[in-house]
Amino acid sequence: MFVVLNGWGMAQISWAFFASVFLNKAQVASIVGYGIAVYFMAIAQIIGNVIYVIPFNMPWYYHLVPTFSFVRAMQHLTIECLANSCYGKFDDLTATEARVSIAMLYVHTVVYAALAWYLNQVVPQTYGVPKKWNFLWDKKNRSGNSYDFDEIGDLENDRENNNVPVFDYETSLEDADAQAERNIVYNLDKADYYKYPLIIKDLRKEFKGVGGRKNKVACKNFSLRIKKGEMLGLLGPNGAGKTTLISMLTGLYPASSGNAWVAGFDIKNQLDVVQLQIGLCP
Amino acid sequence: MPYFKDWESFNRDEMLNKYEDSDAFIYEHLDNLGHTPINFVNRTFDDNADVTALPDAVYKVFEANQKKLNYEFKVNDHHVWQYHRNNGFSKITIHSKHLDAQILRIIEGQVETAYTINAAYIKQNFNTTLVVGINYYPFEYDIYGLLDRVMNVATVIVVPICLCMGFPIFLLSIVTEKEKRLLEIMKINGMKMSNYWMVNYVFNYLFYLLTVAIFYFWGSYVFQF
């Protein structure tokens with residue numbers, strides 16, 4: 001009995017993790033959650049108690065849903081309790097289907113947990129930066145606690161090799177000190193990046209236009225370098241892109257283009273290491 | 001059935017004074033009572049006021065002298081207990097530790113009806129006291145076993161339904177953290193996702209275990225007869 005109840009609890013939690021990947025609104029989640037729980041349970045009861053009554057076996061595909069396996073296992077236990085004597089151990093189980101049902105609960109636990117773990121990192125959510133679908137095999141993008149020097153400087157190479165235009169506006173409109181800062185960032189040696197707490201290079205964020213409107217540029221093209229021990233206050237009028245910049249640096253939203261390095265780790269591929277280096281009070 | 005109407009007006013207007021009295025009508029129609037559907041609308045069986053007008057049994061005596069007693073009787077044998085008065089012989093009220101109910105004993109009522117008039121006749125003519133009783137076959141009535149079975153059948157339906165209600169809660173807690181940006185803020189402040197999932201899993205599992213423990217406690221200690 002405990003084996004069944006334990007398996008059901010674990011399968012349920014894994015299932016909830018899995019379902020949470022596809023839901024972003026709490027209200028929807030509660031409706032969907034109750035819907036799944038109640039409807040599957042009703043169907044399982046009807047299938048188990050009316051259609052495939054115990055001497056008959058349920059078709060295998062019903063075991064793909066944890067609820068069906070659980071209800072089936074409970075029915076087997078109860079009927080054995082009524083007919084003969086209650087089961088004490090797993091070895092006492094005589095019906096193959098009862099064994100299959102209980103085993104399936106644990107299989108569900110593992111499978112749904114694994115699916116939830118993978119999909120949670122891949123499926124884009126409202127907030128956060130999703131990983132690529134092949135992040136498990138793609139060694140280049142695998143994040144680790146090491147400096148990835150190959151990645152640094154790709155932007156310059158890319159620009160030089162493919163003749164990509166750098167700016168979508170006149171650089172001459174920039175202030176002199178902003179241009180100087182940009183020059184410093186461009187001329188930094190990539191091997192020195194780890195010496196700086198923060199380097200931002202050409203960071204840009206465009207929010208997608210809704211309803212056929214144009215994309216909204218929140219942060220045009222931001223370059224900045226902060227030295228060790230330096231304290232920086234970011235000032236600007238409403239809508240200047242201050243929050244967007246911080247959100248990009250902390251991984252709340254993915255950047256449209258450009259990159260930034262926090263303590264030498266870049267926010268595109270080593271975000272989880274970056275998040276260990278920062279503190280944020282929203 | 002006209003029992004519940006004003007008898008005199010019924011006999012006069014509808015039956016055209018066919019019957020001498022209400023007993024004659026009832027005797028003729030008592031068979032029908034068992035097949036008449038009860039109209040439960042606008043009826044309160046609690047006070048059972050109109051049912052008290054029903055006879056429990058009726059006799060029709062054809063011949064009665066010192067040599068011969070010829071009679072017919074009918075007992076109200078309607079299968080719905082609301083159609084019986086609390087008369088003590090075909091409907092018995094029981095107040096006991098396990099049961100607080102009113103049960104129908106039609107067969108005992110029929111035997112009792114015949115016995116009453118037979119015993120009186122024999123006492124009158126032969127000065128002999130007759131005692132009649134009913135003994136059923138001594139099959140043990142295993143009320144505990146029956147209750148156990150009922151509980152088991154209820155269990156297989158009720159317990160899974162109750163235990164599946166944790167799922168929406170688990171789902172809601174995760175999605176709420178996601179929707180309110182709590183998850184991202186925790187991530188930004190350096191939380192490892194593996195720890196997050198682990199703690200969520202353990203918390204939800206303990207939550208579920210608490211439910212199971214409550215079920216187990218009630219099943220083991222409270223619902224014991």
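Colleague: What percentage of the 282 residues in chain A do buried residues make up?

Modeller: This is a predicted model, where local features need pLDDT of at least 70, side-chain atom pairs count only at pLDDT 80 or more, and totals for chains, interfaces and linings use all residues. Residues are numbered from 1 along each chain as written, with chains lettered from A and ligands numbered from 1 in written order. A residue is buried if 20 or more other C-beta atoms, placed from the backbone, lie within 10 Å of its own. For chain A, that share is 32%.

Colleague: Okay, which element gives the largest share of the largest nonpolar core?

Modeller: A nonpolar core is a set of buried Ala, Val, Leu, Ile, Met, Phe, Trp, Tyr and Cys residues joined through C-beta atoms within 7 Å. The largest one has 40 residues, and A:Ala16 and B:Leu171 touch the most other members. Helices here are DSSP runs (H or I, at least four residues), as are strands (E, at least two), numbered from the N terminus. Eleven of the core's residues come from one element, α1(A).

Colleague: And what is the order of the strands in the open sheet of chain A?

Modeller: Two strands pair if DSSP finds at least two bridges between them. The edge strands, β2 (216–226) and β4 (265–266) of chain A, each pair on one side only. The pairing is antiparallel, and the order is β2-β1-β3-β4.

Colleague: Which residue in β4(A) is the bridge partner of A:Val262?

Modeller: Strand β3 (residues 257–262) of chain A pairs with β4(A) over two bridges, in the antiparallel sense. The partner of A:Val262 is A:Phe265.

Notes: Buried ≥ 20, exposed ≤ 12 C-beta atoms within 10 Å, placed from the backbone.
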